[in-house]
Amino acid sequence: LWAGNLIPGHQSAGKRLPNISPIHNKRIGDIEAGTAADIDAAVKAARSSFQSGEWSRLSPGERKAVVLRWVQLMEEHAEELAALDCVDAGKPITECLNTDMPATIDTFRWYAEAVDKVFGKISPTGPGALGLIVSEPIGVVGAVLPWNFPAQMYAWKVAPALAAGNSVIVKPAELTSLSAYRMTQLAHQAGVPAGALILVTGTGEDTGEPLGRHMDVDMVSFTGSNAAGIAVAKAAADTVKRVSQELGGKSANIILFDA
């Protein structure tokens, strides 16, 4: 099993990290060991895509149609995606099939349907002025995912940001990159431009931190530990970007074979 960088027009160095399944603590494949140079290339590609308007300036109905095609592909590949999360995160296959994947697909469907139903507002003013409140994409969004709900966390971050017209760079947890890699492939197959949804695999130090500190990233969405979240918040302050965080995981479980 393999998960690598999906950065248009960029050839990575090719270094790999072993992907170990917590089910039996054995290697099931590799992920690409991304670097700060890979993040820089990803940000440039995402910015170029955003400015070109190939995704950001599509009509709401056009973006909706593409995301719904993506939803259909995920439904067709639901068992495959569930199996990837099962072996990668060590989750019971029944939970992946019956909880995680339906919730993931429903999230994308919900935001696809919301694309052409979220309206702006007209601000009350005097007769000599007109005030409009308009929702616009922010630009390049970095999404840093945790290991515990790989597919669902991907959906919670990517679906709203992408539906709104942003370019999104996804950095999955190095422990669980497989379903994110496959869903990104399916997105491109559905018609999402390669520069509008980019995936970079690797460690937090080598890829997550450079993504959070990059001057041309407009917003970072991060889920993880309090300590890492503090670092993300400091990086956001240093580089003047918006940040959305969910911190302080709990309820980890170790299931032994004699259970």
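**Notebook: patch, sheet, helix, buried strand**

I started on the surface, where Ile 122, Leu 130, Leu 132 and Val 134 make a nonpolar patch of about 460 Å². My patch rule takes residues with over 30% relative accessible area and no salt bridge, joining like charges within 9 Å and nonpolar side chains (Val, Leu, Ile, Met, Phe, Trp, Tyr) within 5 Å. Areas come from the Shrake-Rupley method with a 1.4 Å probe, and for residues only the protein chains shown count as cover. A salt bridge here is a side-chain nitrogen of Lys or Arg within 4 Å of a carboxyl oxygen of Asp or Glu.

Note to self: this is a predicted model, so local features need pLDDT of at least 70 and side-chain atom pairs count only at pLDDT 80 or more, while totals for chains, interfaces and linings use all residues. Residues are numbered from 1 along each chain as its sequence is written, and side-chain values use heavy atoms, leaving out hydrogens and water.

Next I looked up Leu 132, which sits in strand β5 (residues 131-133). Helices (H or I, at least four residues) and strands (E, at least two) are DSSP runs, numbered from the N terminus. Leu 132 is exposed, at 56% relative accessible area. I use buried for under 20%, exposed for over 50% and partly exposed in between (1.4 Å probe, protein chains only).

Then the small sheet: it is open, has 3 strands in the order β1-β3-β2, and its pairing is mixed. β1 (2-3) and β2 (16-21) are the edge strands, each pairing on one side only. Strands pair if DSSP finds at least two bridges between them. β2 and β3 (residues 26-32) run antiparallel with 6 bridges, and Arg 16 has Glu 32 as its bridge partner in β3.

On to helix α1 (residues 36-52). Its 17 residues should span 24 Å at 1.5 Å a residue, and the end C-alpha atoms are 24 Å apart, which agrees. The expected span is 1.5 Å times one less than the number of residues. Buried residues of α1 include Ile 39, Val 43 and Phe 50. The helix's buried residues pack against β6 (140-144), β7 (167-171), β8 (197-199) and α7 (204-213), with contact meaning heavy atoms within 4.5 Å. Just after α1, Gly 53 takes a positive phi of about 80°.

Last, β7: 5 of its 5 residues are buried, so the strand is largely enclosed by the rest of the structure. I found Ser 167, Ile 169 and Lys 171 buried on one side, and Val 168 and Val 170 buried on the other. β7 pairs with β6 in the parallel sense over 5 bridges, and Val 141 stands opposite Val 168.
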